[in-house]
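Here are some notes for a colleague who is coming to this structure without any background. They are meant to be read with the sequence and the 3D view open.

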Amino acid sequence: MKNKFDECVAAIEALCDPRENLDTRGTAQGLLPAVCDFTFLCYLYFWADILEEVNLTQQYLQTKGLTLDKVVTKLEALRLFLNEDRNRLVEHAIEQALLKSDQYGISVNRRLRFKKRMAGEQLRDAGLSLQEENNRAMLECVDRFHSELQIRSTAIKEIADMFEAVQAKSLLSASEEELLVSVSKLTTFYDELSEVELLKEIPRLRRHLKAADIDLDNAKEWSVFDVLKFIAEWDFLESLPTLSLSLRLFLTISVSVASCERSFSKLKQIKNYLRSTMGQSRLSDLALLSIESDMVKDIDFDGVIDRFAALKTRKGKF
């Protein structure tokens, strides 16, 4: 819409032609003033810049083989973009909206709307111009987006911090005191990992790297996968079992969560008039069964029915 704004306006104006039918002409005539509006233009340029970065981030999160440490870095980069470019994004959006408004002759003055208020109540936006009002609203949007991003990435950061001991930089350069703290956080959560064994294997890994003529300064830039790959290629799994298990645990953690997307074609089959009072949980379960139909075909339904009947039976033995 931002890149083809002139073409979109021309298309809407063409649909306002009297030769068009009444519904088309009426819809176009209602849409044209909504598009040729200063506030609309402000948010158009505002969100175009922000969502470009968001789109690049969400595409990166879908990369095959992506690990949690890289996700934390990418999300932090997006957070820094919102924090550092906060004012620039808003100023650029207003500047571009003013240029486009001047081109189309769009008014940039606020249209005051008077409404009945209680005694002593003051108008919240009294004294603000349309530019100042949009400036404040867009800053609030950036701050809210920044706050939500921080909240949603907190859990990922906590997990990454818990696995700090198996990050390449920590494995190769952390002091003994630092390792005691980071390894303790990991082994406290995972009972199958031995703190004593892990503290022995980390110096052992450093010796293996030196013996293999690996530059430790370059190795500090390795990802967790690169460390595990080195251990596997040199057949050090037996001498570093606990460390290898820790690396595999970190690499198998999901970096994102995808919820079930419902298509309307399937909803028509699942939620029909006989199931009009179906709840959210049951609808999601039935949609999942429909999507994974190949696996459902292999289920022994007689066994499922018998198990369900045993759970729901009210008969008592005397």
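1. A nonpolar core is here a set of buried Ala, Val, Leu, Ile, Met, Phe, Trp, Tyr and Cys residues joined through side-chain atoms within 4.5 Å. Please keep in mind that the model under discussion is a predicted one.

2. The largest nonpolar core has 66 residues, and those with the most contacts inside it are Phe163, Leu186, Leu205, Ile231, Leu243 and Leu247. Helix 6, which covers residues 130-162, gives the most to this core, contributing eight residues. Apart from this there is a second, separate core of five residues, among them Ile270, Met278, Leu283 and Ala287. As general background, nonpolar side chains tend to be buried together in soluble globular proteins.

3. Leu205 can serve as an example from the largest core, being one of the residues with the most contacts inside it. When residues up to four places away in sequence are not counted, Leu205 touches Leu171, Val227, Phe230, Ile231, Leu240 and Leu243.

4. How do helix 8 and helix 9 pack, and at what angle? Helix 8 (residues 176-189) and helix 9 (residues 195-211) have their axes 10 Å apart, and the angle between them is about 130°. Because an angle of about 130° falls outside the ranges that count as roughly parallel, roughly perpendicular or roughly antiparallel, the two helices are oblique to each other. Their crossing is right-handed.

5. On the side of helix 8, the residues that meet helix 9 are Leu179, Leu180, Val183, Ser184, Leu186 and Thr187, while helix 9 brings Glu195, Leu198, Leu199, Ile202 and Arg206 to the contact. Sorted by class, this contact has seven nonpolar, two polar and two charged residues.

6. Is Thr242, a residue of helix 12 (residues 241-251), buried or exposed? Its relative accessibility is 11%, and since buried means under 20%, Thr242 counts as buried. With its neighbours within four places in sequence left aside, Thr242 is in contact with Leu193, Ser194, Glu197, Leu198 and Glu201; Leu198 also appears among the helix 9 residues that meet helix 8.

7. Cys42 belongs to helix 3, which spans residues 38-60, and with a relative accessible area of 0% this residue is buried. Cys42 and Ala97 are 55 residues apart in sequence, yet their C-alpha atoms are 5.2 Å apart in space. Not counting residues up to four places away in sequence, Cys42 touches Ala93, Ile94, Ala97, Asn134 and Met138.

Technical notes. Residues numbered from 1 in each chain as written. Predicted model: local features only at pLDDT ≥ 70, side-chain atom pairs only at ≥ 80, totals over all residues. Heavy atoms only, no water. Buried < 20%, exposed > 50% of the residue type's maximum accessible area, 1.4 Å probe, protein only. Helix = DSSP H or I, 4+ residues; strand = E, 2+ residues; numbered from the N terminus. Contact = heavy atoms within 4.5 Å. Axes fitted to C-alpha atoms, helices over the stretch in contact; angles between N-to-C directions. Parallel < 35°, antiparallel > 145°, perpendicular 65-115°, else oblique. Left-handed = near helix turned anticlockwise from the far one by under 90°. Nonpolar A, V, L, I, M, F, W, Y, C, P; charged D, E, K, R; others polar.
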